[in-house]
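I opened this entry to log a few look-ups, going from the whole chain down to one strand. The sequence and structure come next.

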Amino acid sequence: MLRFLVNKDFLNRLPEMHHIVKYDNLISMKTNIKNMNIELESIGTIHTEFSEIEGMPIQPTGAKGIKGTIEIEDEYIDGLKDLDGFSHIHIIYLLHKVEGYMLEVKPFMDNDTHGVFATRSPKRPNRIGRIVVKVNKVEGNTVHVENIDVLDGTPLLDIKPYVPQLYEDTIDE
């Protein structure tokens, strides 16, 4: 569940900050959300063999063959319908053990610093992680996956099917 928490100043300025565009029966509201806090709710838990950050693979290629499970909360089980028809999925999760962030980082095996948004560093302002994993099977509220480099007990935020064909015409080689 996504909830928006706003402060009083934001509510007082709302009429001057939004622009509404109407498309047939659809209404789009563009809002300056600079003063808005966003709260996300976990929809499940990711389970892997990694109980500590130390010793985890640094990138997905280091996790090739590593198996894990994603346990979905009961109220979201219906959302798993047909997920087993995909070979791979994106899982979006909270980097719950990461503290703080850095806007410039020195990636592993690199001598130079880069902006955090040009890296896969977990020290990010919003601590959101994403990985593509192989789906082995779906049983009840459990998704069995492979090639996962996520800490055991990680809160799951979302699952999306990986469909590479959606990007074929937008990515030049």
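Accessible areas here come from the Shrake-Rupley method with a 1.4 Å probe. On that basis I read off the exposed surface of the protein: about 12300 Å², with carbon and sulfur atoms supplying 51% of it. I note that this is a predicted model.

Next I looked up burial. Of the 173 residues in the protein, 28% are buried, where buried means under 20% relative accessible area.

Then I turned to secondary structure. I found one helix and twelve strands. Along the sequence I wrote down the order β-α-β-β-β-β-β-β-β-β-β-β-β, which puts the helix after the opening strand.

I also checked how far apart in sequence the contacting residues lie. Taking contacts between residues at least 6 apart in sequence, I got 72% joining residues at least 24 apart.

For a local view I picked strand 5, residues 44-47. Which residues of strand 5 are on its covered face, and which on the uncovered one? I found G44 and I46 on the covered face, and T45 and H47 on the uncovered face. In a regular strand the side chains alternate between the two faces of the sheet.

What does strand 5 pair with? I logged two partners.

- Strand 6 (residues 67-72) runs antiparallel to strand 5 and is joined to it by four bridges. Here H47, from the uncovered face, stands opposite T69.
- Strand 12 (residues 154-161) is also antiparallel to strand 5, with three bridges between them. Here I46, from the covered face, has T154 as its bridge partner.

Terms used. Residues numbered from 1 in each chain as written. Predicted model: local features only at pLDDT ≥ 70, side-chain atom pairs only at ≥ 80, totals over all residues. Heavy atoms only, no water. Helix = DSSP H or I, 4+ residues; strand = E, 2+ residues; numbered from the N terminus. Buried < 20%, exposed > 50% of the residue type's maximum accessible area, 1.4 Å probe, protein only. Contact = heavy atoms within 4.5 Å. Pairing = 2+ DSSP bridges.
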